[in-house]
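Please open the model in your viewer and keep the selection panel at hand. The tour below moves from one selection to the next and says what is there at each stop.

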Amino acid sequence: LFPRLSNNLSCHILLLVLYCAILFFYGINTGPFYRTESLRAIVAREFLRTGNWVVPTLYGEPLLTKPPGHYAAIALASLPGGTVTEWSARLPSALAASITVCIFYCWFGRALGRRAGLLAASIVPASFMWLDRVPSAEIDMVQLAWVVASLYCFYRALEHSEQHITSTRTAGGWLVAALVCVAGGVLTKWTAPLFFYGTIIPFLWWRGRLRMLFSLPHLLGIAITCAVVGVWMGAVVQCVGWERLRDTICQEALPKLLPGQRDRAYPWHEVLLLPLGLVVANLPWSAFALVTLVPRISQPWDANAKRLLQFFHCWLWPNLLFWSVVPNHAPRHSFPLAPAFAGLAALVWIAYLRTHSLASRDRKRPEVVTETHCGRLRSRLANKLMTPTFAFVTIIITIVVVKIGFMSFVVPERTRLRQPREKGELLAQLVPPETMLYLFKVKDEGILFYYDRPARRLPKPAALPEQDEPYYCILTEAEWWRWRDVTTGETVREMTDEQGAVLLLVRLRFVSSPVKVTADNW
């Protein structure tokens with residue numbers, strides 16, 4: 001496998017640093033925030049402004065749909081600069097992706113050699129699903145890193161336990177570390193434990209070691225995880241009340257886990273669409289991962305490779321089945337399954353390259369005396385271009401070029417017409433300093449992030465505070481027409497949100513007291 005590539009650790013580290021720098025850090029500051037990136041950045045900015053890193057808040061209201069882990073990571077990255085920027089908000093995803101690549105290098109390197117580790121590490125981020133996930137302020141990459149770290153620690157624990165290469169205490173330490181990573185995943189996104197246990201339970205069943213779930217280290221790890229998450233939830237209850245936390249979790253989790261929660265029939269078509277979408281999104285490696293379903297593919301592999309094969313099979317297929325059956329689940333929510341595709345593909349390529357390398361050594365080429373010098377050069381060049389090593393390197397280089405093109409052309413172009421930065425800065429010029437901006441049904445965190453001043457969301461007009469100065473509000477057209485009978489004011493500026501809908505910056509006073517505005521008027 002790559003016989004001319006140095007097996008030196010320093011050389012591999014240098015290659016991985018260069019690889020991660022191109023894929024994850026190139027273009028990290030390109031383009032304004034896109035989709036829900038601005039939402040994550042606004043909440044992280046509230047962490048810095050208020051000093052409250054326990055309860056995520058958006059426009060003065062608790063936002064508990066996601067735990068605070070990712071917001072805290074953005075806030076930490078933004079501490080040196082004192083404010084959240086595109087660069088600091090996207091830095092956690094780039095670091096998480098780099099950590100994931102390093103874990104795969106260590107994982108495969110320990111089992112199959114350093115060159116195999118380098119191959120596996122290069123495969124992990126080289127798929128279409130990773131294109132817009134990193135660099136990004138989205139939450140998915142950080143969750144993936146926690147899931148990968150937890151599964152790697154668990155694998156190390158099982159490896160030590162089966163091979164008896166160290167003391168039981170070492171295996172238990174790895175198992176506790178796996179559950180600590182699960183706790184980090186829970187505090188980043190609620191679904192992290194489902195990916196973890198959706199992998200290790202089928203794997204332990206396959207290996208005949210289900211009793212490991214009842215071992216003292218595993219139970220201790222569960223206790224630590226519950227304690228960490230419980231402390232955070234207790235702090236949230238102290239701040240916002242148990243009912244608010246319970247209602248938010250139920251509204252976030254139940255519609256995604258149980259059918260019939262959104263007054264519609266079970267989406268049977270999604271059972272096939274989700275696996276198909278994941279296979280397409282993880283091309284080209286998902287095509288090679290499917291090859292591992294052929295039974296004879298693993299016959300020549302040693303025990304370490306077969307254990308890895310079993311583990312990645314348990315990582316991918318049981319979780320894919322579960323999330324396909326679960327309603328209202330999109331492919332982007334199954335991002336932690338992407339490394340499973342990559343791991344299976346890596347095993348196929350490692351076996352193929354090693355087999356080809358051995359065959360090339362054993363093949364005896366007869367010497368052709370009459371062949372000219374140019375003919376020998378053409379023959380050698382053709383042999384080089386037809387090798388699997390050349391094919392693999394070509395795929396990797398193609399993915400790198402696609403990534404550079406995506407960051408250089410697609411990312412700037414997709415927000416060119418939306419102009420959230422320009423609209424946010426214009427809004428800041430139109431609203432007087434030290435004046436609160438109010439909003440109700442409007443949802444456009446892109447513009448409001450670049451507004452970069454305090455804003456409050458209110459449930460209804462009656463919640464507006466009594467004051468002598470005019471109110472500055474961002475309204476939709478429908479809201480403004482409903483208010484015209486109970487208010488007097490003027491439209492300061494008309495603009496469009498990032499979806500093209502009309503937004504109105506309105507300066508108004510109430511003709512009647514705000515408390516008299518009814519639900520019908522709203």
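Begin by selecting Cys473, which counts as buried because its relative accessibility is 0%, under the 20% cut-off. Then add Cys239 to the selection, a residue that is exposed, since its relative accessible area of 52% is over the 50% limit. With cysteines on display, how many disulfides does the count come to? With a disulfide taken as a pair of cysteine sulfur atoms within 2.5 Å, the count comes to zero. Bear in mind throughout that this is a predicted model.

Zoom out for a moment to the whole chain, which has 19 helices and seven strands. Of its 522 residues, 48% count as buried, and among contacts between residues at least 6 apart in sequence, 76% join residues at least 24 apart.

Next, select residues 37–50, which make up helix H2. If you place a distance between the end C-alpha atoms of H2, it should read 20 Å, and this agrees with the 20 Å that its 14 residues should span at 1.5 Å a residue. Is H2 largely enclosed or largely open? Eleven of its 14 residues are buried, so H2 is largely enclosed by the rest of the structure. The buried set includes Glu37, Arg40, Arg45 and Glu46, and Leu39, Ile42, Val43 and Phe47 are also among the buried residues of this helix. To see what surrounds them, show strand S1 (57–58), helix H3 (69–78), helix H4 (86–112) and helix H18, against which the buried residues of H2 pack. Stepping off the end of the helix, you come to Gly51, which follows H2 and has a positive phi, near 80°.

Keep H2 visible and turn to the second largest pocket, in which about 700 Å³ of space lies. Of the 25 residues that line this pocket, select Leu58, Leu63, Lys443, Glu445 and Arg457, which are the closest to its centre. The elements that give two or more residues to the lining are H2, strand S2 (61–62), helix H10 (242–257) and helix H18 (445–451), and H10 gives the most, with four residues. If you colour the lining by residue class, it divides into seven nonpolar, seven polar and eleven charged residues.

Now move to helix H13, residues 303–325, and pick out Leu316 within it. Leu316 counts as buried, because its relative accessibility is 0%. Which residues does Leu316 contact, once neighbours within four places in sequence are left aside? They are Leu337, Ala340, Phe341 and Leu344. A distance drawn from Leu316 to Gly343, 27 residues apart along the chain, gives a C-alpha separation of 9.7 Å.

For the last stop, select Arg332, which lies in the loop between H13 and helix H14 (338–362). At 45% relative accessibility, Arg332 counts as partly exposed. Not counting residues up to four places away in sequence, Arg332 touches Met129, Arg133 and Asp140, so these three are worth showing as sticks alongside Arg332. Finally, draw a line from the C-alpha atom of Arg332 to that of Leu274, 58 residues apart along the chain, and the separation comes to 9.7 Å.

Terms used
Residues numbered from 1 in each chain as written. Predicted model: local features only at pLDDT ≥ 70, side-chain atom pairs only at ≥ 80, totals over all residues. Heavy atoms only, no water. 1 Å grid on protein atoms, 1.4 Å probe; cavity = no way out; pocket = protein on both sides within 12 Å on 5 of 7 lines; lining within 4 Å. Points joined across faces, edges and corners; volume = space filled by probe spheres on them. Nonpolar A, V, L, I, M, F, W, Y, C, P; charged D, E, K, R; others polar. Buried < 20%, exposed > 50% of the residue type's maximum accessible area, 1.4 Å probe, protein only. Expected span 1.5 Å × (residues − 1). Contact = heavy atoms within 4.5 Å.
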